[in-house]
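Hello,

Here is the structure I promised to pass on. Please have a look at it first, and then read my notes below.

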Amino acid sequence: MLFIGMHAVAVVEAKKGARDVSASIEQAKRYSRGYESKAAEAPPDGPWGDYRVPFLFATNGRPYLKQIETKSGVWFLDARRATNHSRALDGWITPDGISGMLRQDIDAAHEALKKEPTEYLGLRDYQLRAIDAVEQALEEDRREILIAMATGTGKTRTCVGLCYRLLKVKRFRRILFLVDRTALGIQATNAFKDARLENLQTFTDIFDLKELKDITPESDTKLQVATVQGMVKRILFSEDEAPPPIDQYDCIVVDEAHRGYLLDRELSDRELTFRTESDYISKYRRVLEHFDCVKIGLTATPALHTTEIFGQPVYEYSYREAVVDGYLVDHEPPTRIVTALAADGITWRVGEELETYSPSTGELQLSLLNDEVHVDVDTFNKRVVTENFNRVVCKFVAERIDPSFDEKTLVFCVSDDHADMVVKLLKQAFRNQYGSVEDDAVVKITGSADKPLQLIRRYRNEQLPSVAVTVDLLTTGVDVPKI
């Protein structure tokens with residue numbers, strides 16, 4: 001039995017390591033039903049149907065492993081609601097977590113949400129429909145929820161309103177807002193600071209919010225913003241202190257949830273690097289699985305691993321719908337730059353002599369081809385960066401884009417070295433096309449640039465730079481309406 005003070009709050013059924021632990025919750029149920037407590041030992045608000053003790057645990061002592069879920073971890077059941085199901089936890093709920101759960105009335109929170117007005121949120125109709133879909137899924141006891149809304153339709157602003165409502169009615173005690181890069185974390189923090197809610201107060205006027213620089217929340221913290229990389233360090237690689245308890249948050253909102261991975265050459269060494277896509281997704285999932293909480297994902301483009309974690313979207317608002325409704329502008333047909341190389345490809349005929357380079361010896365040698373060789377140009381352009389090809393492309397771009405105009409242009413490259421080359425060639429092309437061009441008109445914004453977050457802020461808010469050259473840093477979630 002587990003007690004807080006004189007109150008019996010939990011039953012633990014312990015099994016030996018070889019036993020399947022998930023079924024042992026049934027034994028804990030029997031103990032809870034049969035427990036005879038003195039008046040001073042009964043927790044507040046009990047009993048709950050047949051149960052005299054509200055929280056049931058079963059374990060065989062083996063650390064939690066997803067692949068053998070029923071045979072590992074700490075299995076838990078909140079017996080206060082008949083519709084609750086048992087689940088495996090990555091560790092033990094703390095006494096503070098148990099106390100917080102005892103103070104929480106989920107059914108009352110859902111009733112309060114139905115009566116809570118939405119006018120003061122200042123949201124659009126489709127954003128309110130997204131919030132309603134999430135709240136309906138919560139009422140159905142869904143613990144993994146996904147919203148799919150097109151880029152530019154205000155996922156973060158929608159989330160501010162959603163988090164405020166859920167915290168106001170005490171559906172959740174503390175929310176973790178998880179992003180995969182510092183720039184998005186700063187952008188989200190500013191959204192929570194700036195959005196006006198009830199009585200024109202901001203979120204941070206009403207609730208305590210912890211930012212990226214804050215490692216742990218305080219007792220009254222209601223929302224914390226953190227990066228995936230930061231949480232991986234705290235949970236998996238913390239040397240100085242214990243990992244955060246599994247009940248530190250009872251809800252995680254994952255912004256840009258599809259990001260599972262882009263081998264991000266832009267992430268600084270201070271954050272954390274991942275060897276491969278599977279390495280990133282594995283650690284990303286372990287962060288989500290560490291906490292005993294509801295997971296809400298926000299995305300514009302659900303990827304396979306996204307739906308594996310969060311399930312199919314409970315609400316979708318597509319780019320086409322947003323264009324038809326007048327919230328987004330439609331794009332013109334894409335302009336494809338066709339060079340002779342792109343049109344003809346690279347082909348060597350049978351019997352031709354081909355000069356090849358051996359990386360092991362550093363020598364050039366002639367080979368006679370027995371088969372025809374054709375190189376796919378799309379793949380070639382990602383692996384072999386040639387200055388002549390890029391000069392032609394930059395000239396084409398300069399003929400159609402004037403860097404002195406107010407609009408912004410974003411150029412994607414395959415690597416940091418490629419970005420350096422394109423910056424140089426674009427400046428040359430603009431000078432040839434328009435005469436003198438300010439040096440700050442074209443800037444590389446990657447993780448290796450000097451103070452990239454300041455560069456993003458300048459790109460968003462100031463006249464120059466008007467052209468940003470990047471690799472992966474600005475692929476997702478960065479809000480620059482003038483692009």
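How much area does the chain expose, and what share of it do carbon and sulfur atoms supply? The exposed area comes to about 25,200 Å², and carbon and sulfur atoms supply 49% of it. Please keep in mind as you read that this is a predicted model.

Let me start with the chain as a whole. It has 483 residues, of which 47% count as buried. Its secondary structure consists of 16 helices and 19 strands, and the C-alpha trace spans about 90 × 60 × 40 Å along its principal axes. Among the contacts with a separation of 6 or more, 69% are between residues 24 or more positions apart. As for charges, there are 63 positive and 77 negative ones, and their mean positions are 4 Å apart.

Next, a helix you may like to look up: α16, residues 452-461. Which of its residues are buried? They are L455, I456 and Y459. Seen down the axis of α16, these buried residues fall within an arc of 100 degrees, so they line one face of the helix. Their cover includes the helix α6 (182-194), along with the strands β17 (409-412), β18 (442-444) and β19 (467-470).

Then there are the cysteines. How many disulfides does the structure hold? The number is zero. A disulfide is a covalent bond between the sulfur atoms of two cysteines, and here the cut-off is that the two sulfur atoms lie within 2.5 Å. For C159, the closest cysteine sulfur is that of C163, at 3.6 Å, which is too far for a bond. C159 counts as buried, at 2% relative accessibility. For C394, the closest cysteine sulfur belongs to C413, 8.0 Å away, and that too is too far for a bond. C394 is also buried, with a relative accessible area of 5%.

One last residue to find in the viewer is L341. Where is L341 placed? It sits in helix α12, which covers residues 340-344. L341 is partly exposed, its relative accessible area being 26%. If you would like a distance to try out, take the C-alpha atoms of L341 and L197: the two residues are 144 residues apart along the chain, and those atoms are separated by 56 Å.

Enjoy exploring, and write back whenever you like.

Best wishes

Technical notes: Residues are numbered from 1 along each chain as its sequence is written. This is a predicted model: local features need pLDDT of at least 70, side-chain atom pairs count only at pLDDT 80 or more; totals for chains, interfaces and linings use all residues. Side-chain values use heavy atoms; hydrogens and water are left out. Buried means under 20% relative accessible area, exposed over 50%, partly exposed in between (1.4 Å probe, protein chains only). Helices (H or I, at least four residues) and strands (E, at least two) are DSSP runs, numbered from the N terminus. The arc is that of the directions from the helix axis to the C-beta atoms. Contact means heavy atoms within 4.5 Å. Accessible areas come from the Shrake-Rupley method with a 1.4 Å probe; for residues, only the protein chains shown count as cover. Lys and Arg count as positive and Asp and Glu as negative; His and the chain ends are not counted. The place of a charge is taken as NZ of Lys, CZ of Arg, CG of Asp or CD of Glu.
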